[in-house]
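The following report describes one protein chain, moving from a single pairing in its sheet to the chain as a whole. Please keep the sequence and the three-dimensional view at hand while reading.

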Amino acid sequence: MRPIVKGMALDPETRCAHYHSPLDIIAIKMRCCGTYYACRECHDELAGHAPDVWPKVEWGEAAVLCGACGLQMSVHDYLACENRCPGCRAAFNPGCKTHHHLYFDRI
């Protein structure tokens, strides 16, 4: 079963009001609450608590969702996937790497 994703003005592939290009199709499970959000801004607007980043020791946990096929990836798998879903090969936004520090401990 595909996990629920929260966000502002979500489409079926997890694009939101903040990030909505054709490549913006991942959601991140926020470590602080265990809930998938389309982006950090959506979390900040909706969650009512401060975010927390995934520490390296927990990078084996499922924390990234492909909005195209619903595959849940570990942080390790996501960072190694070269901006393509390992399941369906859908392209992810390569610009997301500039936001990794918002979700994951220093790479």
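Which residue in S3 is the bridge partner of Lys-29? In this model, which is predicted, the bridge partner of Lys-29 in S3 is Tyr-36.

**The central strands**

That bridge belongs to the pairing between strand S2, residues 26-30, and strand S3, residues 35-37, which run in the antiparallel sense and are joined over 3 bridges. The two strands form a hairpin with 4 residues between them, and Gly-34, which sits in the turn, has a positive phi of about 70°. S2 also pairs with S4, again in the antiparallel sense and over 3 bridges. Ile-28 takes part on both sides, since Val-64 is its bridge partner in S4, while Tyr-37 is the residue that stands opposite Ile-28 in S3.

How many of the residues of S2 are buried? The count is 5 of the 5, so the strand is largely enclosed by the rest of the structure. Ile-26, Ile-28 and Met-30 point one way from S2, whereas Ala-27 and Lys-29 point the other way, and all of them are buried. The lysine whose partner opened this report is thus one of the buried residues of S2.

**The sheet and the chain order**

Strands of a sheet pair through backbone hydrogen bonds, either parallel or antiparallel. Here the sheet is open, has 5 strands in the order S1-S3-S2-S4-S5, and shows mixed pairing. Its edge strands are S1 (5-6) and S5 (72-74), each of which pairs on one side only. The chain holds 2 helices together with 5 strands, and along the sequence these follow the pattern β-β-β-α-β-β-α.

Ala-62 lies in strand S4, which covers residues 62-66, and this alanine is partly exposed because its relative accessible area is 27%. Although Ala-62 and Lys-29 are 33 residues apart along the chain, their C-alpha atoms are separated by 7.8 Å. Neighbours within four places in sequence left aside, Ala-62 is in contact with Lys-29, Tyr-36, Gln-72, Met-73 and Ser-74.

**Two residues with positive phi**

Neither of the residues in the table below is a glycine, yet each has a positive phi.

| Residue | Phi | Location | Relative accessibility |
|---|---|---|---|
| Thr-14 | about 75° | loop between S1 and S2 | 5% |
| Glu-82 | about 55° | segment after helix H2 (75-80) | 70% |

Thr-14 counts as buried because its relative accessibility is 5%, whereas Glu-82, at 70%, counts as exposed.

**The chain as a whole**

For 107 residues, a compact globule would have a radius of gyration near 13 Å, and the 12 Å found for this chain agrees with that expectation. The C-alpha trace spans about 35 × 35 × 30 Å along its principal axes, and buried residues make up 37% of the 107 residues. Among contacts with a separation of 6 or more, 47% are accounted for by residues 24 or more positions apart. The surface that the chain exposes comes to about 5800 Å², of which carbon and sulfur atoms supply 53%. As for charge, the chain carries 11 positive and 12 negative side chains, and the centres of these two sets lie 3 Å apart.

Methods. Residues are numbered from 1 along each chain as its sequence is written. This is a predicted model: local features need pLDDT of at least 70, side-chain atom pairs count only at pLDDT 80 or more; totals for chains, interfaces and linings use all residues. Side-chain values use heavy atoms; hydrogens and water are left out. Two strands pair if DSSP finds at least two bridges between them. The radius of gyration is taken over C-alpha atoms; the globule rule is 2.2 Å times the number of residues to the power 0.38. Buried means under 20% relative accessible area, exposed over 50%, partly exposed in between (1.4 Å probe, protein chains only). Contact means heavy atoms within 4.5 Å. Accessible areas come from the Shrake-Rupley method with a 1.4 Å probe; for residues, only the protein chains shown count as cover. Lys and Arg count as positive and Asp and Glu as negative; His and the chain ends are not counted. The place of a charge is taken as NZ of Lys, CZ of Arg, CG of Asp or CD of Glu.
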